[in-house]
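Colleague: Could you take a close look at one part of this model for me? I would like to know how that part is put together and what surrounds it.

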Amino acid sequence: MDILPIVIDGTDTASRRTAASALAAELGRSSQPSQSPQTDDLRWVVAADDAPDSLQARQAIQAGPIDEMLAAVHRIELVEVGEGRSYPVVVGPGARRCLPRVLPPKAKRVAVVTQAGVGVDLSDTLTDHDVRVFTIEDGERAKRFDVVADLASAFAQWGMTRNDVVVAIGGGVVTDLGGFVASVYHRGIPVVHVATTLLGQIDAAIGGKCGVNLPEGKNLLGSFWQPAAVLCDTDTLHTLPGREYRSGLGELAKYHFLGGGELDALPLVDRVAACVRIKADVVASDEREGGRRAILNYGHTLAHALESAGTYEIRHGEAVATGLVYAAEVAHRLGRIDSIEVAEHRRVVEHYGQSTTLPAGIGNDEIIELFGRDKKALDGITFVLDGPDGVESVRIDDRDLLTDALEAMRP
Ligand SMILES: NC(=O)c1ccc[n+]([C@@H]2O[C@H](COP(=O)([O-])OP(=O)(O)OC[C@H]3O[C@@H](n4cnc5c(N)ncnc54)[C@H](O)[C@@H]3O)[C@@H](O)[C@H]2O)c1
Ligand SMILES: [Zn+2]
């Protein structure tokens, strides 16, 4: 008997049990308690003898009122530091249908920012709003300042006010750009992210970092702008091109080393929710990247160098996965981790079908030069490395060591 990926999370045990039995009764199935591997919370799963994302279950959820649906998916509250405000991240099949519920009550105009290939149209759910869809071009090159300016001009011509809302529907490119334009238009208007790529759901749409690229480097222009809500609808992943899905798996590999453990043992919905929880915890403890948040950049120093050297041909998650192995090789050379840990990094990265070797055609000097340009290069080159106290930021000036670790990754 398979377990449906319907996990009932909620504020208290009694309401979880009630929601689980109601859903199980509707499906003619049973519900049972299970211990969450991430949080040790007692939650309920609904068992069925069907495929993991059973059509029957989805139909039952989608036919029900939105409140019931919210009870049947993961709802994670992401708490903002200082302000004490929080916003929901809803993870599960059909989560996009929560959109009308999470829009700010005063919003009249909804500016949807998306891309042609995303194919998620939510205008029929927004019958009470004036909706315009702004389609940006595809790919990393859409994250440009002139695209931000064009969108802002279009918003102004339309008469958007600070009560209105931007809804970014897409992967990290769309949520980074949509979040950024929302953060600067009228000194900041609300944004809701509907994340439709695996990478977006587990990372890019969570945590409030947004921005665009400059010709001089990636994400050099940006801001912190927390969304009003994030909807991670796992159904949208069905249309995602294979390479994009694999790129998401590369980023997912990172969470293994940030306390995620054996994430690959979980059903997809739980896995996405587990990554969201880890990121939410880290962000809540350090919203502005003063310290702990930097661990989310594990694997990213090499990744950003590979992405800019390869003029963005390599996918972000693929670059991160290779960057994890490099970070392990560097940490090993500093005596922070042993060879067994390095082998574990290689195993996990390979498990997700990612490359553990550097792409051809990029020299060591070029890569090290690009390390220095990374925006996290505050003073010397800052790496995020594993060690006896877990993953943390470490400054490195030893060029020979960095070169030696790069050599260890040549095929
Ligand atoms: N802000 C952050 O904290 C953060 C974190 C990680 C990454 N990022 C950024 O995210 C970006 C990468 O995001 P990405 O990997 O999601 O790539 P992406 O946004 O380029 O999306 C990949 C492709 O998939 C298409 N697509 C999206 N959803 C689809 C769907 N459901 N079905 C079919 N096609 C779909 C897109 O149109 C695009 O062509 C990078 O710019 C990176 O810098 C930001
Ligand atoms: Zn990343």
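Modeller: Happy to: I will start with the whole chain, settle on a group of helices late in the sequence, and end with some points elsewhere.

Please bear in mind that this is a predicted model, where local features need pLDDT of at least 70 and side-chain atom pairs pLDDT 80 or more, while totals for chains, interfaces and linings use all residues. Residues are numbered from 1 along each chain as written, with chains lettered from A and ligands numbered from 1 in the order written.

The protein has 14 helices and 14 strands (DSSP runs numbered from the N terminus, H or I of at least four residues for helices, E of at least two for strands). Of its 411 residues, 48% count as buried (20 or more other C-beta atoms, placed from the backbone, within 10 Å of its own; exposed is 12 or fewer, partly exposed in between). Among contacts with a separation of 6 or more, 68% join residues 24 or more positions apart (contact: backbone-placed C-beta atoms within 7 Å).

Let us begin the close look with helix α10, residues 300-309, where eight of the 10 residues are buried, so the rest of the structure largely encloses this helix. Those buried residues are His300, Thr301, Leu302, Ala303, His304, Ala305, Leu306 and Glu307. Their packing partners are β11 (217-224), α11, α13 and β13 (381-385).

One of those partners, α11, also meets helix α12 (residues 339-351): the two axes come within 9 Å and cross at roughly 175 degrees (axes are fitted to C-alpha atoms over the stretch in contact, with angles from 0 to 180 degrees between N-to-C directions). That makes the two helices roughly antiparallel (an angle over 145 degrees). From α11, the contact draws on Ala321, Leu324, Val325, Ala328, Glu329 and His332, and from α12 on Ser339, Glu341, Val342, His345, Arg346 and Val349.

Helix α14 (residues 399-407) brings us back to α11 from another direction. Leu402, Ala405 and Leu406 are buried in α14. Looking down the axis of α14, these buried residues fall within an arc of 105 degrees, so they line one face of the helix (the arc takes directions from the axis to the C-beta atoms). Asp400 and Glu407 are exposed, on the face of α14 turned away from that buried side. The cover over the buried residues of α14 includes α11 (316-333), α13 (364-373) and β14 (392-396). Both α11 and α13 thus turn up again, having been listed as partners of the buried residues of α10.

Outside that group, Leu258 is worth finding on your screen, in helix α8. Leu258 is partly exposed because 18 C-beta neighbours lie inside 10 Å. Leaving aside residues up to four places away in sequence, Leu258 touches Ile278, Ile295, Tyr298 and Val391. From Leu258 to Val282 the separation is 24 residues in sequence and 9.6 Å in space, C-alpha to C-alpha.

Finally, a look at the backbone. His186 sits in the loop between α6 and β9 (191-195), and Arg187 is placed in that loop too. Phi is positive at His186, near 50 degrees, and positive at Arg187, near 60 degrees; each is a residue other than glycine. His186 counts as partly exposed because it has 14 C-beta neighbours inside 10 Å, whereas Arg187, with 7, counts as exposed.

Conventions. Two residues are in contact if their C-beta atoms, placed from the backbone, lie within 7 Å. Angles under 35 degrees count as roughly parallel, over 145 as roughly antiparallel, 65 to 115 as roughly perpendicular and the rest as oblique.
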